[in-house]
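Please read the following report alongside the sequence and the coordinates. It takes up the overall make-up of the chain before turning to individual places in it.

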Amino acid sequence: SADVSRTFKVVQGYKVTYDANAGDSSVTGMPSEQYKIKGQDLVISKSAPSRTGYTFAGWSTQSTGTTVSYEPRAIYKADQSVTLYAVWLKNMTWNVSGYTGTYDGAYHGLNVTVTDPSAGYTVKYGSSEGNLSTTVLTYKNAGTYNIYYSIYKNGYQTVSSMRTVTIGRADASITLNVSLGTGLKSGENYGTVLVEFFDEDL
C-alpha cells in the first residue's frame, strides 16, 4: 500500500459567546457562539433575541453596560475571545391622545399618561418630527394641528409618535339692539342686516 501524506494548517481562532444578561427565563432567540479566525473580520450574528416586557438594543462587552458596543451584523475585528451581553430597554406603559372638540377660547394639546415608569421621564413636543423641546405645545384657534412627541427615560425604550389636535369652529349667536330713528316704525321690514366676523378664533 502507498503511504499517504497530509498537511494540516493550524488556524488560531477566538470564541465569541452571547449572554442573555437577564434575570428571567423569558429570553428566546439567543444566537449560537461563533469563532473568529485571527486576522479576519467576523460578522456578528444577525439573530436578535426577544424578552417579555423589554426591547433588545444590541450587545455590550460589559454585563452592566447600557451602551451598545455591537449591533446584529456588526463587524468584530479584535483578535481575542469575548462575551457579548444583551442590552435590554424596558418597555414603557403609556397613552397619548390628542384633543378633539369645538373652539372654546382655551388652549388645547396632548394628554400624556405614563404609568411605567411612574416618574423621572421626559416628554418633548414639536410641530415637526426633528424639532422637539420640553415646551408643551398647545393651540387655541380653530384648525387641525399635528403634534410630534417623544417620551424618554434612561433604561427604557424611547417612545416617539404623532397625534392630532382638532379644534372645530364654534357656532356664534348674536343679539342686535337697533334704535329706531326718525321715520322708522316697529315691526316694519327695512331690509337685511349684514354682520361680518373678523375673529379667526371662531
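The sections below move from the whole chain to its sheet, its cores and some single residues.

## Overall make-up

The model discussed here is a predicted one. The protein chain contains zero helices and 13 strands, so that, read from the N terminus on, its elements run β-β-β-β-β-β-β-β-β-β-β-β-β.

Of the 202 residues in the protein chain, 23% count as buried, and the accessible surface comes to about 13,800 Å², with 46% of that area belonging to carbon and sulfur atoms. Among the contacts in the protein chain with a separation of 6 or more, 57% are made by residues 24 or more positions apart.

## The five-stranded sheet

Five strands form an open sheet in the order β8-β13-β12-β10-β11, and the pairing within this sheet is mixed. Because β8 (100-102) and β11 (131-133) stand at the edges, each with a single partner strand, one side of each is left without a neighbour in the sheet. From one strand to the next, the twist averages 30°.

At one of these edges, β8 and β13 run parallel and are joined by three bridges, and G101 stands opposite I167 in β13. Leaving aside neighbours within four places in sequence, I167 is in contact with a set of residues that includes Y99, G101, T102, Y103 and H108, and also Y139, K140, N141, A142, G143 and Y145.

## Nonpolar cores

Which residues have the most contacts inside the largest nonpolar core? They are L110, Y125, I147, Y149, I151, V165 and I167, in a core that has 16 residues. The elements that give two or more residues to this core are β9 (110-116), β10 (122-128), β12 (143-152) and β13 (159-168), and β12 gives the most, with four residues.

Apart from this core lies another, of 13 residues, among them F56, Y76, A86 and W88.

## Strands β1 and β2 and their surroundings

Strand β1 (residues 13-19) pairs with β2 in the antiparallel sense over four bridges, and in β2 the bridge partner of Y14 is K36. In a regular strand the side chains alternate between the two faces of the sheet. Strand β2 (residues 34-37) shows such an alternation, with Q34 and K36 pointing to one face and buried, while Y35 and I37 point to the other face and are not buried.

K15 also lies in strand β1, where its relative accessible area of 33% makes it partly exposed. Leaving aside neighbours within four places in sequence, K15 is in contact with E33, Q34, Y35, S81 and V82. The C-alpha atoms of K15 and T83 are separated by 8.3 Å, although these residues are 68 residues apart along the chain. A comparable long-range approach involves Y14, whose C-alpha atom is separated by 5.5 Å from that of Q80, 66 residues apart along the chain. Q80 lies in the loop between β5 (75-76) and β6 (82-90), and Q80 is partly exposed, with a relative accessible area of 47%.

## A buried serine in β4

S60 is found in strand β4 (residues 54-60). Is S60 buried or exposed? At 3% relative accessibility, S60 counts as buried, because the cut-off for that class is under 20%.

The side chain of S60 reaches the backbone nitrogen of Q62 at 3.0 Å. Leaving aside neighbours within four places in sequence, S60 is in contact with G65, T67, S69, T83, L84, Y85 and V87.

## Backbone features in the loops

Most residues other than glycine have a negative phi, and most peptide bonds are trans. Against that background, three places deserve a look.

A cis peptide bond, with omega about 10°, joins D116 and P117, and P117 has its place in the loop between β9 and β10. N21, found in the loop between β1 and β2, has a phi near 55°, a positive value in a residue other than glycine, and N21 is partly exposed, with a relative accessible area of 26%. R73 likewise has a positive phi, of about 75°, although R73 is not a glycine; R73 is found in the loop between β4 and β5 and, at 56% relative accessibility, counts as exposed.

Definitions and conventions. Residues numbered from 1 in each chain as written. Predicted model: local features only at pLDDT ≥ 70, side-chain atom pairs only at ≥ 80, totals over all residues. Heavy atoms only, no water. Core = buried A, V, L, I, M, F, W, Y, C linked by side-chain atoms within 4.5 Å. Buried < 20%, exposed > 50% of the residue type's maximum accessible area, 1.4 Å probe, protein only. Contact = heavy atoms within 4.5 Å. Pairing = 2+ DSSP bridges. Axes fitted to C-alpha atoms, helices over the stretch in contact; angles between N-to-C directions. Areas by Shrake-Rupley, 256 points an atom, 1.4 Å probe, with all protein chains shown as cover. Polar contact = N/O pair within 3.5 Å; in protein donor to acceptor, adjacent residues only side chain to side chain.
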